[in-house]
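Student: I am new to this structure. Could you take me through it in questions and answers?

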Amino acid sequence: MRSIFWFRRDLRLADNPALLAAIDAGDELVPVFILDPSLIGKSGSKRLAYLGQSLRALDESLGNKLHVMVGDQVEVLKDLMKRYDASEVHISEEFEPYGLARDARVEASGIKLIRTGSPYAVSPGRVRKPSDNTPYKVYTPFYRAWLVHGWRGPVAAPKNIKAVTPQVGDRNFPDWPLPEGVSLTPAGERAAHARWKKFKDGALANYDEERNNAGVDGTSKLSAHLKWGEIHPRTLLAELNQTKAHDVFRKEIAWREFYADVLHNNPHTESDYYAPRFKEMRYEEPGKAFTAWCEGKTGYPFVDAAMRQLVQEGWMHNRTRMVVASFLVKDLHLEWQLGADFFMEHLVDFDVASNAHGWQWTAGCGTDASPYYRVFNPIEQGKRFDVEGKYIRKYVPELAHLSDSEIHEPWNYLDGYLHNYPERIVDHAVERLESLARLQEIKEDKPLPPEN
Ligand SMILES: Cc1cc2nc3c(=O)[nH]c(=O)nc-3n(C[C@H](O)[C@H](O)[C@H](O)COP(=O)(O)OP(=O)(O)OC[C@H]3O[C@@H](n4cnc5c(N)ncnc54)[C@H](O)[C@@H]3O)c2cc1C
């Protein structure tokens with residue numbers, strides 16, 4: 001008796017109930033990862049390089065028994081089932097539109113898929129309002145209900161995996177090199193646990209205070225590990241206590257679960273507006289300003305530092321993700337999908353739900369429950385969340401000669417442009433008003449916001 005375990009967003013052995021189910025179901029396991037041409041086409045070189053490393057790490061932990069196949073999932077799985085005489089395919093369940101449709105298609109072809117668990121502590125669709133059994137639209141009540149719902153504890157890694165030896169032609173590991181000048185966080189389950197340990201023993205204690213400071217290594221940087229399932233959120237949640245810092249961290253994990261739930265219940269919001277009237281807003285066509293944003297050459301130091309971090313590291317700090325997103329939509333008047341697509345290309349941790357809804361939240365057309373339309377001030381945000389200018393200095397060397405207070409506003413200093421830093425492409429004060437005027441045109445009923 002053989003069963004197949006189809007790895008997708010769960011590239012780990014520990015705390016993987018679906019893997020345990022596959023092991024229990026047969027005498028021997030056929031572990032497989034299928035390279036999906038349509039997802040590969042949408043992934044930038046950094047995410048692919050990371051995935052390549054993660055697959056190698058997984059293969060090592062499986063004693064070099066991972067099958068890596070290329071092609072249509074139905075054809076690949078049918079072929080493996082035939083050649084290895086396997087009757088069942090085990091998976092952890094996926095909920096985003098693409099994964100859901102893919103699995104339905106595989107099942108419709110007659111392949112028996114057995115689902116156990118998911119990449120979430122609480123699977124999307126489970127947390128619903130007790131009053132009328134509808135999904136939550138606002139984060140805070142979702143969070144409370146999510147806590148009440150609760151989740152299972154982590155399960156141990158299998159003690160012994162009897163995996164079949166791959167036949168010739170079944171080990172098609174991709175050759176995706178790391179692009180030049182790029183540095184990525186190390187991939188794989190072991191790296192994920194090492195990072196979690198480092199964070200847990202260090203920065204987690206001050207997470208509530210430091211998580212917004214862009215120049216400080218104050219967040220977990222587990223997002224890519226979570227995206228690829230090298231560690232499960234349940235593993236993290238199980239080790240949190242009731243202190244304020246731990247509570248804030250738990251709330252961030254819950255944002256990931258909330259957005260997965262929102263996307264599951266509103267699949268069109270992957271690329272369409274959650275609040276439909278924002279579709280009617282006046283937007284600009286992408287042109288030079290968009291290119292400057294992508295290249296980190298807007299002339300706003302905090303924005304440019306962030307965009308350069310994204311391109312160099314495939315990761316960006318959460319605070320600056322919000323600042324650059326606000327800048328694209330509210331200073332440049334471009335549609336959020338343009339920025340979301342750029343993020344999709346460059347982020348190693350790209351997650352369709354967190355990305356689409358992180359963008360929509362910032363653009364003002366998403367699930368934000370605040371009573372006003374936020375417009376982030378890119379200068380004040382820098383002064384507040386990069387007080388010493390460390391973050392800017394690291395990614396924008398043209399400004400490194402300026403002092404901590406000067407670095408946020410080079411235009412005020414004679415030597416501000418000494419090293420060819422670009423001038424501002426727009427005036428934030430003017431564009432903020434323009435953004436609010438465009439908002440009035442779609443009959444926004446919220447009061448005008450304070451500057452933040
Ligand atoms: C415009 C925009 C786009 C984003 N795109 C993505 C994306 O594609 N993939 C992604 O994983 N996150 C995305 N986020 C959320 C957030 O910025 C990242 O999860 C976070 O910066 C990752 O760093 P970290 O692991 O150090 O986070 P930590 O602060 O250590 O948080 C721990 C974990 O909680 C989750 N988390 C934290 N904040 C959020 C949040 N606001 N929304 C959802 N989950 C959160 C992540 O899984 C994260 O790894 C986006 C946010 C914005 C504003």
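The turns below go from the domains to the ligand, then to one helix and the core.

Student: Which domains does the domain assignment give?
Tutor: This is a predicted model. The domain assignment of the protein names three stretches, one of them in two segments: domain 1 (2–118), domain 2 (121–155 + 189–265) and domain 3 (270–441).

Student: Which element gives the most residues to the side of domain 2 that touches domain 3?
Tutor: The C-alpha centres of domain 2 and domain 3 are 25 Å apart. Their contact involves 17 residues from domain 2 and 22 residues from domain 3. On the side of domain 2, two or more residues come from each of H9 and H11. The element that gives the most, with five residues, is H11.

Student: How do the residues on that side of domain 2 divide into nonpolar, polar and charged?
Tutor: The side in question is the one that touches domain 3, and it takes 17 residues from domain 2. These divide into five polar, four charged and eight nonpolar.

Student: Which residues come nearest to the ligand?
Tutor: The shell around the ligand draws at least three residues from domain 2 and at least three from domain 3. Helices that each supply at least two residues of the shell are H9 (223–227), H11 (244–265), H14 (318–331) and H16 (352–363). Of the 27 residues around the ligand, the nearest are Thr219, Ser220, Ser223, Asn355 and Gly358.

Student: How many residues of the shell around the ligand are charged?
Tutor: The shell can be sorted by residue class. Eleven of its residues are nonpolar and eight are polar, and the number of charged residues is eight.

Student: Is H14 largely enclosed or exposed?
Tutor: H14 has 14 residues, and from first to last C-alpha it reaches 19 Å, close to the expected 20 Å. Burial here requires 20 or more other C-beta atoms within 10 Å of a residue's own. Because 13 of the 14 residues of H14 are buried, the helix is largely enclosed by the rest of the structure.

Student: Which residue just after H14 takes a positive phi?
Tutor: H14 covers 318–331. Just after H14, a positive phi of about 60 degrees is found at His333.

Student: Which residues have the most contacts inside the largest nonpolar core?
Tutor: Nonpolar side chains tend to be buried together in soluble globular proteins. The largest nonpolar core here has 106 residues, and those with the most contacts inside it are Ile4, Val32 and Ala306.

Student: Which residues does Ala306 touch?
Tutor: Ala306 is among the residues with the most contacts inside the largest core. Leaving out residues up to four places away in sequence, Ala306 touches Met316, His317, Thr320, Val323 and Val324.

Terms used. Residues numbered from 1 in each chain as written. Predicted model: local features only at pLDDT ≥ 70, side-chain atom pairs only at ≥ 80, totals over all residues. Near = placed C-beta within 6 Å. Helix = DSSP H or I, 4+ residues; strand = E, 2+ residues; numbered from the N terminus. Nonpolar A, V, L, I, M, F, W, Y, C, P; charged D, E, K, R; others polar. Domains from an automatic or database assignment. Expected span 1.5 Å × (residues − 1). Buried ≥ 20, exposed ≤ 12 C-beta atoms within 10 Å, placed from the backbone. Core = buried A, V, L, I, M, F, W, Y, C linked by C-beta atoms within 7 Å. Contact = placed C-beta atoms within 7 Å.
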